[in-house]
Each structure stands twice: as structure tokens, then as C-alpha cells.
Amino acid sequence: MADKPFLTDIKTLRERARKHIEDGAITPGYSGDRETAVKILNEALATEIVCVLRYKRHYFMAAGINAESVAAEFLQHANEEQGHADLIAQRIVQLKGEPNLNPEGLLTRSHAEYVEGTDLVDMIKEDLVAERIAIDSYREMINYFDKDDPTSRRMLEGILAMEEEHADDLVSLLETMR
Ligand SMILES: [Fe+2]
Ligand SMILES: [Fe+2]
């Protein structure tokens, strides 16, 4: 039998919770580096917003050239990226940070690029590139948060799964256009 208990006893837990009530969801047991966490999440937020803008641009342009099914896919992705942005902003506030929604520097903070694309195939390819960048950077962020911040990690795992779906959708779209 281990003489060191695995769980913190209830009395200590309660005392710690009372000590820093103003920290909200962030208890002393949070072993992550909050400042770095907020910085990383703000980069993810910028990435999602750039993706919303790029998909919206592609949606309106595709609608203009009568490619309805492709346009519908672009719009759906735009809305889902907006959902991701909201989740991330919410988590930043929970971590006592501030979501950076300043348009200035947005592209510098974002991992993915804003490329308008010349035609439908070009737009789909650019979106696929952006999704692949997002997939790689989310994977890295998930490894970073690991056990130090399971809430941020799980949120990002959910988002990552969706970016993988997006990439899959775009590959299928490309195949139908050959
Ligand atoms: Fe996303
Ligand atoms: Fe995506």
C-alpha cells in the first residue's frame, strides 16, 4: 500500500478553493502556465477568424459562379470555424485572459493564411492547405496542454477532429471536380 494518498483530502481542497475565489475556474491545482496558455489560445483564435473570413469570401464567390454544392460546403465550414472561435474565446476568458479580436495583426497571429484563390479548384486547394496547417498546429497545442490543462486539451481535441473532417470534405470536393 502506498503511504502517500493519491487524492488531495477534502479539507485541503476546500481550503484551497476558498483562498482564491476570484480566480473562478482556475484553482491552485491548475498546473499550466496561464500566460502561455492564453497566448497559444489567442493564436488559435486568430487562425479560426482568418478561416471564417476566407471561407466566407469563398462562399460568396462560389455562389456567384453557380457552384451551389461547393458554396454550401464553404458556408458550413465558415459557420463551424466561427463556433470554434467562440469556444476558444470563452476558454481564454475562463483562464483570466482576454480574447484578442483586434483586426490589426490578425494575420500575423494566425497560423493559417488568407488566400482568395482564383477559381473554384484553387479556392478548395487553399482551404485544404489552411486546414492542414490548422491540423498540425492543433496537434502541437494538444501535446503542449497534455495533463497540465485537460480542459483546453479536450476542447482542442474536439476542434481538431472537426478540422480533419473539413480536410476530408475538401478532398472529396476536389475529387468530384476532376
Ligand atoms: Fe476551426
Ligand atoms: Fe476547419
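Buried means under 20% relative accessible area, exposed over 50%, and partly exposed in between, with a 1.4 Å probe and protein chains only. The model here is predicted, so local features need pLDDT of at least 70, side-chain atom pairs count only at pLDDT 80 or more, and totals for chains, interfaces and linings use all residues. Residues are numbered from 1 along each chain as written, chains are lettered from A and ligands numbered from 1 in the order written, and side-chain values use heavy atoms, leaving out hydrogens and water.

**Exercise 1. List the protein donors of the iron ion (ligand 1) and give their spacing along the chain.**

Step 1: get the cut-off straight. Donors are N, O and S atoms within 2.8 Å of the metal (3.2 Å for Na, K and Ca); water is not among the atoms, so sites may look incomplete.

Step 2: collect the atoms. Glu48 gives OE twice, Glu81 and Glu163 give OE, and His84 gives ND1, at 1.9 to 2.4 Å from the iron ion (ligand 1).

Step 3: read them along the chain, and the pattern is E-x32-E-x2-H-x78-E.

Step 4: place two of them. Glu81 sits in helix α3 (residues 68-94) and Glu163 in helix α6 (residues 150-176), so this pair ties together parts 82 residues apart in sequence. Helices here are DSSP runs (H or I, at least four residues; strands are E, at least two), numbered from the N terminus.

Step 5: check burial. Glu81 is buried at 1% relative accessible area, and Glu163 is buried at 1% too.

**Exercise 2. Do the same for the iron ion (ligand 2), and say which residue bridges the two iron ions.**

Step 1: Glu81 (OE), Glu131 (OE, twice), Glu163 (OE) and His166 (ND1) coordinate the iron ion (ligand 2) at 2.0 to 2.3 Å.

Step 2: the spacing comes out as E-x49-E-x31-E-x2-H.

Step 3: Glu131 belongs to helix α5 and His166 to helix α6, so that pair links parts 35 residues apart in sequence.

Step 4: Glu131 is buried, with a relative accessible area of 1%, and His166 counts as buried at 1% as well.

Step 5: the bridge is Glu81, with the iron ion (ligand 2) and the iron ion (ligand 1) 4.0 Å apart.

**Exercise 3. Work out how α5 packs on α6, and how α2 packs on α3.**

Step 1: fix the geometry. Axes are lines fitted to C-alpha atoms, for helices over the stretch in contact, and angles run from 0 to 180 degrees between N-to-C directions. Under 35 degrees counts as roughly parallel, over 145 as roughly antiparallel, 65 to 115 as roughly perpendicular, and the rest as oblique.

Step 2: helix α5 (residues 120-145) meets α6 at about 155°, with axes 9 Å apart. That makes α5 roughly antiparallel to α6.

Step 3: helix α2 (residues 34-64) meets α3 at about 160°, with axes 8 Å apart. So α2 is roughly antiparallel to α3.

Step 4: sort the residues of the α2 contact with α3, and you get 19 nonpolar, five polar and four charged. In that scheme Ala, Val, Leu, Ile, Met, Phe, Trp, Tyr, Cys and Pro are nonpolar, Asp, Glu, Lys and Arg are charged, and the others, Gly among them, are polar.

**Exercise 4. Where does Leu160 lie, and how far is it from Asp136?**

Step 1: Leu160 lies in helix α6.

Step 2: at 10% relative accessibility, Leu160 is buried.

Step 3: C-alpha to C-alpha, Leu160 and Asp136 are 9.0 Å apart in space and 24 residues apart in sequence.
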